[in-house]
Amino acid sequence: MNKPIRSPLPSVDEVLRHEVALAAAARFGRTATAARVRQHLDAARAAFADGPVAPVDAAAFAWAATRTLEEADRPSLRPVHNLTGTVLHTNLGRAVLPEAAVEAVISAMRGAANLEYDLATGGRGERDDHVRGLIRELTGAEDVALVNNNAAAVMLVLAALSKGKDTLVSRGELIEIGGSFRMPAIMASAGAKLVEVGTTNRTHLADYADAIGPRTGLLMRVHTSNYIVQGFTKAVPERELAALARARGVPFVDDLGSGTLVDLSRWGLRRERTVQDALRDGADLVTFSGDKLLGGPQAGFIAGRRDLVARCAKHPAKRAMRLDKLRLAALEATLRLYRDPDRLADKLPTLRFFTRTRDDLRRAAGRLAPALHTALERFAPGAWRVEAVDCASQIGSGALPLDTLPSAGLACAPLAKRPGKALDALAAALRALPIPVIGRISEDRLLLDLRCLEDEETFVAGLQALGGEPR
């Protein structure tokens, strides 16, 4: 058998004159395109050292360079379809911002803004003032300070009010949340000394009273967020803690974690204590998040007594934790929506996702099942079964950890006897789509919960690439 005749490689200039390379140069620049072409030619030249190969023309190198440039140009942070069934998915960016917030961010990005400039006086302003009035209006707090997340809010409160002092917390509230965030470690980092009171399942008012002493800086209640202690339990009501703290002259801080400004039972969800509840119950300070139940951008709030908020705001660490103009713009726009609670579920994506009915999601599953089946036939003919199924969604991000939402979606079941590898392969292929699709594997099926899918047209269009070359 005759071996293929070895052909010389095209030159860099020859490849760059090809129409594909010219298009790449127009898009990515001639310098970057030439570098990629040279890289592929060098690799081919090294391969030729092993012996004769079939001819490779300029077009092949032009296409190879273009694909490499496209891959390098793809953003690392990309939109995805969250079909996991977890609405506030920490790994997928938590809350989807309302359109009003998106528009506000775009406006703030396009030019200069009065971030720390007082338009009335012409002097220096305070960036927290852009949302301070709104938080006071919505919660009844005397004052508020803003930082970049709730963990920062807790740390700043501890550093400003309890550094070198004792902070009393029930043993049942010594939380660890995602990313190995542990309350004892946060206290140590802030210079506060943790004093555990009570037991894991039962803590009494007397436990706090006995632990308060001359070195006590704070009495703190920590929302357990991602777990619930059940059974033979006892927790002290917030009103009683607040009364004890006030009688002993010690600030009481209520860390709500997720935090909400509205009564969720209005929309059929289990009631979660609101910021207003915490302040009415007597908390001197309340800390909570902006990007969880509130439905806004990542932010942390310290709301409550004016004198204590001022001490936190003046702490040197506050500057390291402050919000930039983009998040402030998004936050202000989101908070304004709360002035109209009757239309909040229509305008706030987080609440809209929470309130979608199972019947609505069943209809969506019926519409989308044929397109998914067609895509899977192209991906692996005769290897998959697609069916519309009922399932359960969850809130996520530590909010209402035991509550689920009746939902519906699409289940992709492999027909192979050993489904593990097939499921992993399909999950990987869905992640490689132009807009990655993220589902969850459960009971030997890949489940796509449709609760957070609103743009069905884009989802169906993206399925066209399933089984093709990743873009």
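This passage describes the salt bridges, an annotated lysine, and the empty spaces of the structure. The model is predicted.

In total, 34 salt bridges were counted. Three pairs and one network are described here.

The side chains of D277 and R280 form a salt bridge, with N and O 2.8 Å apart. Both residues belong to helix α11, which spans residues 275-280. They lie three residues apart, so about one helical turn separates them. The two partners are set in contrasting surroundings. D277 is buried, with a relative accessible area of 11%. R280 is exposed, because its relative accessibility of 54% is over the 50% cut-off.

A second pair joins E332 and R336. Their closest N and O atoms are 2.7 Å apart. Helix α14, residues 325-337, carries both E332 and R336. Here the spacing is four residues, so the partners are again separated by about one helical turn. E332 is partly exposed, at 22% relative accessibility. R336 is also partly exposed, at 40%.

The third pair is E456 and R367. The closest N and O atoms of this salt bridge are 2.6 Å apart. It links distant parts of the chain, with the two positions 89 residues apart in numbering. E456 sits in helix α19, residues 456-463. R367 sits in helix α17, residues 358-379. E456 has a relative accessibility of 18% and counts as buried, because this value is under 20%. R367 is partly exposed, at 47% relative accessibility.

Some salt bridges share partners. Through such sharing, R221, E238, R239, D254, R273 and D281 are joined into one network.

One lysine carries an annotation. An unreviewed UniProt entry lists K292 under "modified residue: N6-(pyridoxal phosphate)lysine". In the model, K292 is found in a loop. This loop runs between strand β9, residues 285-289, and strand β10, residues 300-304. K292 is buried, with a relative accessibility of 10%. Leaving aside residues up to four places away in sequence, K292 touches L88, R94, A95, S258, T350 and S397.

Empty space was examined next. Rolling a probe the size of a water molecule over the atoms shows where such space is left.

One cavity of 30 Å³ or more is present. The largest cavity has a volume of about 30 Å³. Its lining consists of T260, V262, L264, L293, Y338, L348 and L351. Six of the residues in this lining are nonpolar and one is polar. No charged residue takes part in the lining of the largest cavity.

The largest pocket has a volume of about 1,200 Å³. Its lining is made up of 37 residues. Among them, P79, V80, L92, A95 and V96 lie nearest the pocket centre. Four elements give two or more residues each to this lining: β1 (81-82), α5 (99-109), α14 and α16 (349-355). The lining of the largest pocket divides into 20 nonpolar, eight polar and nine charged residues.

Two residues named above recur in the description. A95 is one of the residues touched by K292, and A95 also lies among the lining residues nearest the centre of the largest pocket. Helix α14 holds the pair E332 and R336, and α14 also gives two or more residues to the lining of the largest pocket.

Key:
Residues are numbered from 1 along each chain as its sequence is written. This is a predicted model: local features need pLDDT of at least 70, side-chain atom pairs count only at pLDDT 80 or more; totals for chains, interfaces and linings use all residues. Side-chain values use heavy atoms; hydrogens and water are left out. A salt bridge is a side-chain nitrogen of Lys or Arg within 4 Å of a carboxyl oxygen of Asp or Glu. Buried means under 20% relative accessible area, exposed over 50%, partly exposed in between (1.4 Å probe, protein chains only). UniProt positions are given in the numbering used here, feature names are shortened, and annotations may be inferred rather than shown by experiment. Contact means heavy atoms within 4.5 Å. On a 1 Å grid over the protein atoms alone, a cavity is a set of points where a 1.4 Å probe fits but cannot get out, and a pocket is an open set with protein on both sides within 12 Å along at least five of seven lines; lining residues have an atom within 4 Å of a point. Grid points are joined across faces, edges and corners, and a volume is the space filled by probe spheres set on the points. Ala, Val, Leu, Ile, Met, Phe, Trp, Tyr, Cys and Pro count as nonpolar, Asp, Glu, Lys and Arg as charged, and the others, Gly among them, as polar.
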